[in-house]
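Thanks for sharing this one. Here are some notes to read alongside the model, mostly on its overall build and its internal spaces.

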Amino acid sequence: MKLILYKLPALLLLLICSAQAQSEMNLSQAIEGTHRSAENKARDRYRHPEETLRFFDVQNTMTVVELSPGAGWYTEILAPYLKDKGMLYAAHFSETAKIPYFIKSLTDFKSKLAANPEIYGAVELTALQPPEFTNIAPEGSCDRALTFRNVHNWMKDGQAEAVFAAAYKALKPGGIFGVVEHRSLPDATLDRQITSGYVSENQVITYAEKAGFKLLEKAEINANPKDTKDHPMGVWTLPPALKLGQQNRAHYLDIGESDRMTLKFIKP
């Protein structure tokens with residue numbers, strides 16, 4: 001009897017630790033989670049989330065800020081992965097935005113978070129809308145800042161420099177800024193980049209270096225050699241947008257989603 005009493009606390013501790021380990025999601029489990037729709041999972045073959053997040057060396061103990069998360073495609077993966085040991089800030093549009101699309105996007109995103117508190121309950125919503133809103137996380141608090149296919153939008157709004165500066169401010173020294181963006185031909189003009197949605201690697205690097213970042217590494221994880229980047233409606237010609245409707249639809253589906261750069265910057 002004494003032996004049983006002696007071992008009971010250790011047994012309870014083992015059970016508690018086991019339960020905690022089971023509640024935590026590793027990256028693969030977050031990607032395969034049932035909270036993700038079949039439609040979103042179908043895009044994994046183009047977006048390569050596991051390879052991309054491993055390239056950015058995102059660990060589940062880190063504080064991460066996702067810039068302009070949109071509908072939350074990557075939030076679906078980051079939120080459960082970070083919720084137990086890390087922290088996720090989602091820097092979306094401001095609640096005071098005047099543009100109807102911005103308000104709808106934010107409202108839909110907030111509804112998504114509220115509908116599944118087990119997955120998204122720990123997400124901290126912040127605002128990114130320069131020049132008024134650039135405090136996307138406490139200064140110097142983040143291990144990683146991440147953004148996916150947003151640079152062309154910031155360029156169109158004249159906000160790219162301010163956004164890169166906001167990412168720099170939020171990161172700790174040694175923190176990583178991971179950028180995935182539609183990749184233009186190297187000689188594309190600035191106007192062409194803005195109207196087509198395809199941005200040159202040099203332009204992204206220029207924004208990053210002006211903010212204080214240093215380019216650490218490039219990867220071809222999200223490259224698509226089938227993408228000729230000369231489509232009538234720019235990147236939106238390709239899936240998932242398919243802006244031309246049924247016109248040459250099979251051709252654009254065969255190309256797949258856009259060719260994308262994957263760049264890793266460090267805050268010295």
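1. A word on naming before we start: helices (H or I, at least four residues) and strands (E, at least two) are DSSP runs, numbered from the N terminus. Please also keep in mind that this is a predicted model.

2. On the overall build, the protein has 13 helices and seven strands. Its C-alpha atoms fill a box of roughly 80 × 40 × 35 Å along the principal axes. The radius of gyration is 21 Å, and because a compact globule of 268 residues would have a value near 18 Å, the two agree.

3. On packing, buried residues make up 49% of the 268 residues. Among contacts with a separation of 6 or more, 75% join residues 24 or more positions apart. The protein exposes about 13,600 Å², with carbon and sulfur atoms supplying 56% of that area.

4. The largest pocket deserves your attention next. Its volume is about 1,500 Å³, and 49 residues line it. Gly-70, Tyr-101, Arg-149, Asn-150 and Asn-153 are the lining residues that lie nearest the pocket's centre.

5. Which element gives the largest share of that pocket's lining? Helix H7 does, with seven residues. H7 spans 100-115, and at least two lining residues each also come from helix H3 (38-41), strand S2 (87-92) and helix H9 (151-156).

6. The chemistry of the pocket lining is mixed: the residues divide into 22 nonpolar, 13 polar and 14 charged.

7. Turning to enclosed space, a search of the whole structure finds three cavities of 30 Å³ or more. The largest cavity has a volume of about 50 Å³. Its lining consists of Ala-79, Leu-82, Lys-83, Gly-86, Met-87, Leu-88, Ile-119, Ala-122 and Val-123. Helix H6 (75-82) and strand S2 are the elements that give two or more residues to this lining. By class, the lining of the largest cavity holds seven nonpolar residues, one polar and one charged.

8. The second largest cavity contains about 40 Å³ of space. Tyr-46, Arg-47, Thr-52, Tyr-74, Phe-148, Arg-149, Val-180, Asn-222 and Arg-260 line this cavity, and they divide into four nonpolar, two polar and three charged.

9. Two links may help when you look at these spaces together. Arg-149 lines the second largest cavity and is also one of the residues nearest the centre of the largest pocket. Strand S2, in turn, supplies at least two residues to the lining of the largest pocket and gives two or more to that of the largest cavity.

Definitions and conventions. Residues numbered from 1 in each chain as written. Predicted model: local features only at pLDDT ≥ 70, side-chain atom pairs only at ≥ 80, totals over all residues. Heavy atoms only, no water. 1 Å grid on protein atoms, 1.4 Å probe; cavity = no way out; pocket = protein on both sides within 12 Å on 5 of 7 lines; lining within 4 Å. Points joined across faces, edges and corners; volume = space filled by probe spheres on them. Nonpolar A, V, L, I, M, F, W, Y, C, P; charged D, E, K, R; others polar. Rg over C-alpha atoms; globule rule 2.2 N^0.38 Å. Buried < 20%, exposed > 50% of the residue type's maximum accessible area, 1.4 Å probe, protein only. Contact = heavy atoms within 4.5 Å. Areas by Shrake-Rupley, 256 points an atom, 1.4 Å probe, with all protein chains shown as cover.
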